[in-house]
Amino acid sequence: MNRSLILGYGITGKSFENYLLHLGEKFDIYDKRSISKTSKSLKNKINFNQYNAIYISPGINFKKEFSEISTKNLNFVTDLDIFFKENKSFKIGITGTNGKSTLAYYLEQLLNEVSSAVALGNYGEPLLNNLSHRKKYSIIEVSSFQLEKMQNNFFDLSIITNIKRDHIDFHGSFKSYKDSKFKILREGIRNIVWNDENDLNYLAFKILDYLKPNHNLKNFKLDNLPHRLETFKEGFINDSKSTNLSSLDFALDKLCFSGILVLCGDPKKENYMRHRICGPKKILIFGNHASELNKLIEHEEKIIFKDLDSLLKYILQIKKRGLKVLFSPGHPSGDDFKNFHERGNYFKKKVNEYFS
């Protein structure tokens, strides 16, 4: 039987679907929540051995979800594996706990000034939607989920921005998480392990020096990544890109923050770890996970709100000139928003409504 299976029907799963439709191949899709209109959608027990290839999305934890199934004879395929084979560009791989999107954003700007480049993966467009692009450089932000599943490494330049505790709920241990990250490194190419969240601007220019040593962009001003320490209105900072506690701590330290901190998001990713926060005058928490966060976050003054509207009404009453408000959730969106883009835009929209 010449039939494939797509595991997961999120952004990557849908790119697998388009890819296989273009090839004219037959396939089924497994996803607990989403249903495809183009193929048979499976929600019950699967006979994996009937498929000649299994196209697996990054967020699928096969060992946990299908613990009774042996993976010995299963042919897993990732979007990275396909991209390595079919696209001829110079491939720059970027991973890390924090800073990878910022670095990808910086490099895309620099390389498009001196050559041609496109940002793909977690930060940019799906890989499989860009198989035929003809730009010289592909800047690929890759997660530990993707690297864990990658069959072979064919990056031409690999970068690790830093490695801190993250995704323990998925990988099971910090060691397994680190091991997944280090899969991006390989012999025979330039590997950069930066291990810092600071000076990513400097790092981007150092990489440019390596790729294009005769460039003339010494004074080129880089735009900052949206939703990362983004001051968008006087006194308000949108840091919705903060999806883990180390990213939150970085923001607090970088800003020497002593104002009002706004939190939300799902603590499952951090394995429901207790966390002490120092610096902010108050911590305001909202959303579907607020009660969980309240139990885990340690601070002298925390206030819970049912939604962002009631939280902003409270700030409207107490905010004085010079008092800053930092929205740095420190957790992924969970049941509150689709992703950090949506929640960052929602936060800015609501602030502009109340503080126009």
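**Salt bridges, a helix pair and backbone outliers**

The side chains of Lys349 and Glu353 form a salt bridge, with an N to O distance of 3.0 Å. The model is a predicted one. Both residues belong to helix H12, where they sit 4 residues apart, about one turn of the helix. An α-helix has 3.6 residues a turn, so residues three or four places apart point the same way. Lys349 is partly exposed at 46% relative accessibility, and Glu353 is also partly exposed, with a relative accessible area of 42%. The pair belongs to a network in which salt bridges with shared partners join Asp309, Lys349, Lys350 and Glu353.

Helix H12 spans residues 340–354 and also contains Lys348. The side chain of Lys348 meets that of Glu230 in a salt bridge of 3.0 Å, N to O. Glu230 lies in strand S11 (residues 230–233), so this salt bridge ties together parts that are 118 residues apart in sequence. Lys348 has a relative accessible area of 17%; because the cut-off for buried is under 20%, Lys348 counts as buried.

The structure holds 12 salt bridges. One of them joins the side chains of Arg3 and Asp28, at 2.9 Å from N to O. Arg3 is in the segment before strand S1 (4–7) and Asp28 is in strand S2 (residues 27–30), so the pair links parts that are 25 residues apart in sequence. Arg3 and Asp28 are both buried.

The next topic is helix packing. Two packed helices are described by the angle between their axes and the distance between the axes. For helix H4 (residues 100–114) and helix H8 (residues 200–211), the axes come within 9 Å and cross at roughly 40°. Angles under 35 degrees would count as roughly parallel and those of 65 to 115 as roughly perpendicular, so H4 and H8 are classed as oblique to each other. The crossing of H4 past H8 is right-handed.

Which residues make this contact? On the H4 side they are Thr102, Leu103, Tyr106, Leu107, Leu110, Leu111 and Val114. H8 contributes Leu200, Asn201, Leu203, Ala204, Phe205, Ile207, Leu208 and Leu211. By class, the contact of H4 with H8 has 13 nonpolar residues, 2 polar ones and no charged ones.

Helix H9 (residues 245–255) has a set of buried residues: Leu245, Ser246, Ser247, Leu248, Phe250, Ala251 and Leu252. These buried residues of H9 pack against three strands, namely S13 (260–263), S14 (275–276) and S18 (325–327). Just after H9, Cys256 adopts a positive phi of about 50°.

Positive phi values also occur in loops on either side of H8. Asp199, which is not a glycine, has a positive phi of about 55°. Asp199 lies in the loop between strand S10 (190–193) and H8, and is exposed, with a relative accessible area of 52%. Leu229 is another residue other than glycine with a positive phi, in this case near 50°. Leu229 is located in the loop between H8 and S11. Is Leu229 buried or partly exposed? At 21% relative accessibility, Leu229 counts as partly exposed, because the cut-off for buried is under 20%.

Definitions and conventions:
Residues are numbered from 1 along each chain as its sequence is written. This is a predicted model: local features need pLDDT of at least 70, side-chain atom pairs count only at pLDDT 80 or more; totals for chains, interfaces and linings use all residues. Side-chain values use heavy atoms; hydrogens and water are left out. A salt bridge is a side-chain nitrogen of Lys or Arg within 4 Å of a carboxyl oxygen of Asp or Glu. Helices (H or I, at least four residues) and strands (E, at least two) are DSSP runs, numbered from the N terminus. Buried means under 20% relative accessible area, exposed over 50%, partly exposed in between (1.4 Å probe, protein chains only). Axes are lines fitted to C-alpha atoms, for helices over the stretch in contact, and angles run from 0 to 180 degrees between N-to-C directions. Angles under 35 degrees count as roughly parallel, over 145 as roughly antiparallel, 65 to 115 as roughly perpendicular and the rest as oblique. A crossing is left-handed if the near helix is turned anticlockwise from the far one by less than a right angle, and right-handed if clockwise. Contact means heavy atoms within 4.5 Å. Ala, Val, Leu, Ile, Met, Phe, Trp, Tyr, Cys and Pro count as nonpolar, Asp, Glu, Lys and Arg as charged, and the others, Gly among them, as polar.
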